[in-house]
There are 2 protein chains.
Amino acid sequence: MLAQVKRFLIGTPLRNEDLAHERLTNVKALAVFSSDALSSVAYATEEILMALILAGSSALSLSMPIGLGIAVLLAVVAMSYRQTIFAYPGGGGSFIVAKENLGIYPGLISGAALLIDYVLTVAVSISAGAAAITSAFPALLPYKVEMILFAILLITVANLRGVKDSGSIFAVPTYAFVFSIFALLAVGIGRAVFGGLPPVVVTETVAAQQPLTLFLILRAFASGCTALTGVEAISDGVQAFKEPVSRNAAKTLTWMAGLLMAMFLGITYLANHVEIHPVHGGETVLSQVARAVVGQGAIYYVIQGVTALILFLAANTSYADFPRLASIIAANGYLPRQLTMRGDRLVFSNGIVLLGAVAAALVIYFHGDTHSLMPLYAVGVFLSFTMSQSGMVVRWFKHRAQDPHWAIKAAVNGLGATVTGVVLIIIASTKFTHGAWIIVLLIPIVVMVFRAVHAHYLHVADDLRMPLTEELEQVKHTIIVPIAGVNRAVAHALSYAMTLSDDVRAVHIGTDPEATEKLQAKWNQWNPGVKLTVIQTPYRSMMRPFINYVDKIERRSKLDMVTIVVPEFVPTRWWHHLLHNQSALMLRAALHFRKNTVVVSVPYHLAH
Amino acid sequence: MLAQVKRFLIGTPLRNEDLAHERLTNVKALAVFSSDALSSVAYATEEILMALILAGSSALSLSMPIGLGIAVLLAVVAMSYRQTIFAYPGGGGSFIVAKENLGIYPGLISGAALLIDYVLTVAVSISAGAAAITSAFPALLPYKVEMILFAILLITVANLRGVKDSGSIFAVPTYAFVFSIFALLAVGIGRAVFGGLPPVVVTETVAAQQPLTLFLILRAFASGCTALTGVEAISDGVQAFKEPVSRNAAKTLTWMAGLLMAMFLGITYLANHVEIHPVHGGETVLSQVARAVVGQGAIYYVIQGVTALILFLAANTSYADFPRLASIIAANGYLPRQLTMRGDRLVFSNGIVLLGAVAAALVIYFHGDTHSLMPLYAVGVFLSFTMSQSGMVVRWFKHRAQDPHWAIKAAVNGLGATVTGVVLIIIASTKFTHGAWIIVLLIPIVVMVFRAVHAHYLHVADDLRMPLTEELEQVKHTIIVPIAGVNRAVAHALSYAMTLSDDVRAVHIGTDPEATEKLQAKWNQWNPGVKLTVIQTPYRSMMRPFINYVDKIERRSKLDMVTIVVPEFVPTRWWHHLLHNQSALMLRAALHFRKNTVVVSVPYHLAH
């Protein structure tokens, strides 16, 4: 029955050869790879405003210069990644670039940062998507966490079925979002320029809670840097482009960066113009901007709808990225091997389930509040940016003999590495107490887990290695059958045991002398050809005296094996299990760590 | 480590012969057997008032005639049970009396009612004990549920260690309670008679929420009947008395009934006199009475303390009664056999843990509110009273030839049966909607569980029965070893397998043709003396093709057995388990319900 539910939810198994790749046109590729990056405009401006509002309403106007600074940063990062695309036409994810050029540990640090980041992308994007919906329909606000969890469940199940990276499916919501936002910007900026867009009436200007320090401005900048999350996606997926792959990928990256920059700056400008105040846990800034520009009509609802949609899509990309990266790290021996296995539908099922579970836990812990999740978010992204760009610098230096332009290229990536490194420090320090500390602590912990896993696998491989010239050991066997009474199940186990070895010993642990005597008499009458050894115990537990007996047997020869054959009832209904002693289970548990001892339970199938 | 924690909490195992019985003097026996009954005066009056207050303050004075009615009922029940004590000097619990005289089903109904009642005694008594404490220290009110759960945990652990039914230990709190209450009554009634005890000032008289109907009066009566819970305890434990057991037990029962009646009527009288209003979830009536009589000084705190103590003691008696009754029913084959087993400390550990867990669940569900638990309480008690007394009537009739006084005795028990039967109907109907329906529903369900368990055991016994003339079956064995690679663990499993049978088959399920070829070459080079069968699958799951292979083997002969030998890694640390596939576990689960198939995991102990 469980198997049927699984079939219904997940679908029938696919064959290995069904694993195929679609080559994407640039238009489709933009849709597939950029939902994460583009969707961040749904919350980046809000994050800047949320930091500035602490210094009062008047500080909000600083969001425009901060936005421009972030746009410059975006340009530097995009330029830097264009070079990665040309250097790694096979796909230049941060883990691969860092590992290849800087060594395994920088690679693992980068990998840890990325894995954490993918989890956060799911939690943040779906929370932001839910916020877009609750902004349009405030009545749904009390059910926000439930909505988010349901969405995570839905996306998890869809990915277990296997979501085709089909460009056509992704194209509709992505371009719908881009066009909606551009339409909003066109109308809004038009009205603003020609004077027809008055500020939103704020009932009371917010007073400053703290002075407008450089630290606060840097924190606002750090908060806005969440706009850059997802920019690296294209460089990971160069292989999916049509030939010439690198040229096409680079062109698409430029387009994506341009669109992102325009939308982000436009929304920030409009938010400034209409003097939006961010509301923690309430209506999103983008929703407020849209309402101010187009009114609360059909167009407004379309904008909220496509915003929610692209955010869910952004979460969905993590469901491709996280399991793939986890499987690469696992294939390198730093994560459990189970993560490398493709399930019935050819997807990395374990990674998908892991991602969904951790993201759901985060959402529950942070009550689905986007703003609380944000301080955790950008740390991992910028750490992997820095590692990746640093790796590129080292690479250009190594290849300096073959490449006459190496110095310029190294300079570009060097600039990228330096700038993202500085931003990383800004983010980690200004948001440290707000939650960034969790990630600063978590990344080394994850790297330590990687190390421990790797060490274990190396040790196991060592333990298992065997010269092919080695012959099989000669094992001598003693079989012990614990006897509780004379019945069919015991007879079944005994006949099983007697085919395995000539040295079969039946042992009864007696707790009640009278009952023992009766059993002995019955045994003698039955006479199955095996002597019954009786051990009397003054206690009720039979486990200890039995194990003592096994100990004595074993001590006679250290090389030989003892097999304990236990009759086990297999009832016809599950609850019948509760009515029988689980002696086979308990024996197995007790003897699990003992060498040269095997516990065999011989199932006896009850008719009822 | 777990074993050490258990040793520390529970203590070292005891030998069978340590199970001994203390013969109690009447004074000690009264303490041991009456804490349940006597402690009910802590809540019985309150329950009456709680029902009457619905008809307004003026209806409260009806509590005195209702209390007198309950006292008469108590006298009838006590007289009835005196006869049981003489008829069953070996102990006449309701289950035994009903089963012996009325048949197995009445016995089981009675048993179900009693088991449920013991659980409720724990929940109600500890909740009432906590209420006594929070009445004295209202600051503890927010932690009431936690206090109750901690008390349950404490009593459960203490009983797993084995609480000696030592009369001396029980005597102190029981008599301290009796003396405190009598002192309170002496002072209170003295002051009342000589006019020195004014009514407590109630800020506002409560208006009637509903008219004072007969139904409401009956409900108040039914609520007060909780005073009778525990009266049957002495008749269950006649054996613990000194010779002549029946005479001593009967004398003690009379004393207990007398004390209970005096305390109950006295408290009810005082509550009336000082015009106490019951407060739901607040200070108890007994606490209010005590404060009114002796003021909030040291004596008041002593009264609250001993009240809490005797209530915990009352709960503790259920920890002896529930596991003992459960073990008797289990020994009759109507409950899982595990309930008959005495643990390391000679107590019925499973029953104790079960009782603690269910009581804790009840407390959590009802938020530790004594008043909400009450409607569930008395139904079981009065059902078992009725069954037991009816059984006695039948018994006297059966023995009419031997006993000239049989008619009078039958009349006494007949009166008891009739009265308690009528009260049962009153309780069940007046409190049906308040929670009694749960018990009315639960008792038949528990009886159905009894039946199902019994039927299963009978069937199993049938399945297992075997003539002692029957010879062992001749089993032919095929051993299958699933192979994933060539290494020490595989070699170990293979040498194990080869000692078991001459028909050993190594099988590899290939998912990747290249890897399969490599393995085949390695195998041929190694040449362990067993041919490797390779099955190629287009899917990733190896389970299905492997099971198909096993199916084919089995089909060749229906009588023969297949043993699957799986190498299993035993790592040195628990978390290493997560890094390996649990193929042995999964195979065992998949093949559990298949006949003639045994899965053996041969542990390979990793060095690291």
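This is a guided tour of a predicted model with two chains, A and B.

**Start with confidence**

Colour chain A by pLDDT. The average is 87. In chain A, 95% of the residues score at least 70. For the complex, the predictor gives an ipTM of 0.71 and a pTM of 0.68. Where pLDDT is low, the predicted coordinates should not be read in detail.

**Stop 1: the interface**

Show both chains and select the residues in contact. On chain A there are 62, and they meet 62 residues of chain B. Which elements of chain A should you highlight on the side that touches chain B? Pick α17 (432–464), α18 (488–500), α19 (513–526), β4 (561–570) and β5 (597–605) of chain A; each supplies at least two residues to that side. Now keep α18(A) alone. With nine residues, α18(A) gives the most to the side of chain A that touches chain B.

Colour that side of chain A by residue class. You should find 33 nonpolar, 17 polar and twelve charged residues.

Next, compare the two sides of the interface. Of the interface residues of chain A, 100% are also interface residues in chain B, so the copies meet through the same surface.

**Stop 2: the axis**

Two copies of a chain are related by a rotation about an axis and a shift along it. Superpose chain A on chain B. A turn of 180° with a shift of 0.0 Å along the axis does it, and the RMSD is 0.1 Å. This relation is that of a two-fold axis. To find the axis from chain A, select Leu500(A). Its C-alpha is the one in chain A nearest the axis, at 2.3 Å.

**Stop 3: the sheet of chain A**

Hide chain B. Select the five strands of the open sheet in chain A. Their order is β3-β2-β1-β4-β5, and the pairing is parallel. Which strands stand at the edges? They are β3 (532–536) and β5 of chain A. Each has a single partner strand, so one side of each is left without a neighbour in the sheet. Look along the sheet of chain A: from one strand to the next, the twist averages 30°.

Now zoom in on β1 (residues 477–482) and β2 (residues 504–510) of chain A. Four bridges join this parallel pair. For a landmark, pick Pro482(A), which stands opposite Val507(A) in β2(A).

Then add helix α21 (residues 583–591) of chain A. This helix packs on the sheet and touches β4 and β5 of chain A. The direction of α21(A) makes about 170° with that of β5(A).

**Stop 4: two helices of chain A**

Select α16 (residues 406–430) and α17 of chain A. These helices pack at an angle of about 120°, and their axes are 6 Å apart. Show side chains where they meet. From α16(A), take Ile427(A), Ala428(A) and Ser429(A); from α17(A), take Phe432(A), Ala436(A) and Val440(A). How many residues of this contact are nonpolar, polar or charged? Five are nonpolar, one is polar and none is charged.

**Stop 5: the sheet of chain B**

Switch to chain B. Its five-stranded open sheet also runs β3-β2-β1-β4-β5, with parallel pairing. Here β3 (532–536) and β5 (597–605) of chain B are the edge strands, each paired on one side only.

Walk through the pairs of chain B:

- β2 (residues 504–510) and β3 of chain B run parallel, joined by five bridges. Gly510(B) has Gln536(B) as its bridge partner in β3(B).
- β1(B) and β2(B) run parallel, joined by four bridges. Here Pro482(B) has Val507(B) as its bridge partner.
- β1 (residues 477–482) and β4 of chain B pair in the parallel sense over four bridges. Ile479(B) has Thr563(B) as its bridge partner in β4(B).

Now bring in helix α19 (residues 513–526) of chain B. It lies across β2 and β3 of chain B, at about 175° to β3(B).

**Last stop: a helix of chain B**

Select α11 (residues 245–273) of chain B. This helix has 29 residues. From its first C-alpha to its last it reaches 42 Å, close to the 42 Å expected at 1.5 Å a residue. Then click on Glu275(B), just after α11(B). Its phi is positive, about 55°.

Conventions
Residues are numbered from 1 along each chain as its sequence is written. Chains are lettered from A and ligands numbered from 1 in the order in which they are written. This is a predicted model: local features need pLDDT of at least 70, side-chain atom pairs count only at pLDDT 80 or more; totals for chains, interfaces and linings use all residues. pLDDT is the predictor's confidence in each residue, from 0 to 100. Two residues are in contact if their C-beta atoms, placed from the backbone, lie within 7 Å. Ala, Val, Leu, Ile, Met, Phe, Trp, Tyr, Cys and Pro count as nonpolar, Asp, Glu, Lys and Arg as charged, and the others, Gly among them, as polar. Copies are superposed by least squares on the C-alpha atoms of residues with pLDDT of at least 70 in both. Two strands pair if DSSP finds at least two bridges between them. Axes are lines fitted to C-alpha atoms, for helices over the stretch in contact, and angles run from 0 to 180 degrees between N-to-C directions. The expected span of a helix is 1.5 Å times one less than its number of residues.
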